[in-house]
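Biologist: Could you walk me through this one? I'd like to go from the odd backbone spots to the sheet and then to the ligand.

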Amino acid sequence: MSTRAWSRTSWPGWPTWRQISVGFPYQVVAITGASTGLGAEMARQLGQAGCKVALIARSADKLDQLAQHVRAAGGTALALPCNVDDWQQVQAAVAKAESDLGPLQCMLANAGIGQQLEPGPWDPAVVEQILRTNVMGMVHALYAALPAMQQRGRGHLVGVASMASYQGLPLDGGYSASKAAQRIFLEGLRVQLHATGISVTCICPGFVRTPMTDKNDFNMPFLIEVEDAARRMLRAIANRRRVYNFPKRMAALAWAGQRTPRWLFDAATSWLGKHQSKRTQARSVPGPGRE
Ligand SMILES: NC(=O)c1ccc[n+]([C@@H]2O[C@H](COP(=O)([O-])OP(=O)(O)OC[C@H]3O[C@@H](n4cnc5c(N)ncnc54)[C@H](OP(=O)(O)O)[C@@H]3O)[C@@H](O)[C@H]2O)c1
């Protein structure tokens with residue numbers, strides 16, 4: 001088969017040679033949470049591979065800057081400011097992506113927030129917001145892309161959960177619960193869509209250096225750089241992994257944590273939580289150099 005026969009113009013749904021050479025099989029991809037961190041880095045790397053990328057997040061200015069960067073790198077980018085908490089907004093963004101860029105082959109639901117739950121005042125609104133953005137934001141993105149994929153009989157849905165989904169940790173109960181819900185939801189969806197031509201991938205990263213973790217003032221074991229993490233995540237998607245836990249050493253730690261006797265787990269993690277809480281309280285006490 002000649003190179004021309006594989007070109008984008010003759011086979012709109014097929015990957016370009018450039019994508020084949022970098023190992024990413026999709027041409028049209030939507031990413032939520034694309035304005036910073038992992039989402040922005042995956043968009044940059046997809047741009048370098050010549051993909052068409054729909055960039056979804058709330059910060060319009062950051063999306064515009066990133067879109068320029070992706071175009072300069074050789075890709076096509078469409079900035080779609082949108083709050084994933086809002087089902088109507090997400091549906092409109094996905095419809096716009098399909099009409100401007102073509103049929104979506106991959107929806108990467110990556111948007112997320114993390115907030116520690118300080119002891120008292122016990123405000124359920126904090127937990128509610130984490131669950132709404134992380135769980136419902138992902139469901140909105142996947143469900144908005146799904147009907148058209150089902151009609152075409154092919155597509156790939158990806159959700160970014162976390163290694164935190166494997167256990168509840170002090171101060172992070174809301175975040176861990178949201179990530180566990182995402183992981184279990186994705187498992188159910190994957191089985192439901194089995195043999196329909198639509199793949200489902202759940203990605204569980206460990207600690208990655210992004211704006212989300214920049215605010216942490218505790219030791220983050222096996223922290224990896226965002227470029228490395230994004231590369232690994234795109235490779236896992238290309239390989240249609242069902243679940244991808246990384247880095248391996250962090251996955252081993254989570255595995256061991258799940259198998260540790262509960263009395264030991266409770267004692268160790270509650271000590272960790274108190275230690276962390278003291279640090280956070282010390283940081284929030286007004287003092288020289290603090291607001
Ligand atoms: N970094 C880590 O160590 C780590 C580890 C495990 C899992 N993860 C997961 O990886 C994903 C990306 O995290 P990150 O580390 O790259 O964090 P980040 O830099 O803080 O990025 C989060 C992204 O989500 C977007 N977002 C948040 N709320 C949104 C909303 N309501 N509507 C639309 N977009 C929203 C943010 O954009 P706007 O503010 O512009 O809307 C931003 O683009 C998250 O799901 C996170 O839970 C991260």
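**Backbone, sheet and ligand**

Modeller: Let's start with Ala-195, which sits in the loop between helix 6 and strand 6 (198-205). Keep in mind that the model is predicted.

Biologist: What is phi of Ala-195 near?

Modeller: Ala-195 is a residue other than glycine, yet its phi is positive. The value is near 65 degrees.

Biologist: Which peptide bond is cis?

Modeller: Look at the loop between strand 7 and helix 9 (248-259), where Pro-247 lies. The bond leading into that proline has omega near -10 degrees, and it runs from Phe-246 to Pro-247.

Biologist: On to the sheet: which strands stand at the edges?

Modeller: The sheet is open, with seven strands paired in parallel in the order 3-2-1-4-5-6-7. Each edge strand has a single partner, so one side of it is left without a neighbour in the sheet. Those are strand 3 (76-81) and strand 7 (243-246).

Biologist: How many bridges join strand 2 to strand 3?

Modeller: Strand 2 covers residues 52-57 and runs parallel to strand 3. Within this pair, Ala-57 stands opposite Pro-81. As for the bridges joining the two strands, there are six.

Biologist: What angle does the direction of helix 2 make with that of strand 1?

Modeller: Helix 2 packs on the sheet and touches strand 1 (28-32), strand 2 and strand 4 (106-109). Its direction and that of strand 1 make an angle of about 165 degrees.

Biologist: Now the ligand: which element gives the largest share of the shell around it?

Modeller: The shell has 31 residues, with Arg-58, Ser-59, Tyr-175, Val-208 and Thr-210 the closest. By class they split into 15 nonpolar, 13 polar and three charged. The largest share from an element is three residues, and it comes from helix 7.

Biologist: Which residue has a polar side-chain atom 2.9 Å from an oxygen atom of the ligand?

Modeller: Three polar contacts are worth going through. Asp-85 has a side-chain N or O atom 3.4 Å from a ligand nitrogen, while a polar backbone atom of Gly-112 is 3.4 Å from a ligand oxygen. The 2.9 Å pair, from a polar side-chain atom to a ligand oxygen, belongs to Lys-179.

Biologist: And what percentage of the ligand's exposed area does the protein bury?

Modeller: Start from the ligand taken alone, which exposes 880 Å². Of that area, the protein buries 93%.

Terms used. Residues are numbered from 1 along each chain as its sequence is written. This is a predicted model: local features need pLDDT of at least 70, side-chain atom pairs count only at pLDDT 80 or more; totals for chains, interfaces and linings use all residues. Side-chain values use heavy atoms; hydrogens and water are left out. A residue is near a molecule or strand if one of its heavy atoms lies within 4 Å of it. A polar contact is a pair of N or O atoms within 3.5 Å; within protein, one must be able to donate a hydrogen and the other to accept it, and residues adjacent in sequence count only if both atoms are side-chain atoms. Accessible areas come from the Shrake-Rupley method with a 1.4 Å probe; for residues, only the protein chains shown count as cover. Helices (H or I, at least four residues) and strands (E, at least two) are DSSP runs, numbered from the N terminus. Ala, Val, Leu, Ile, Met, Phe, Trp, Tyr, Cys and Pro count as nonpolar, Asp, Glu, Lys and Arg as charged, and the others, Gly among them, as polar. Two strands pair if DSSP finds at least two bridges between them. Contact means heavy atoms within 4.5 Å. Axes are lines fitted to C-alpha atoms, for helices over the stretch in contact, and angles run from 0 to 180 degrees between N-to-C directions.
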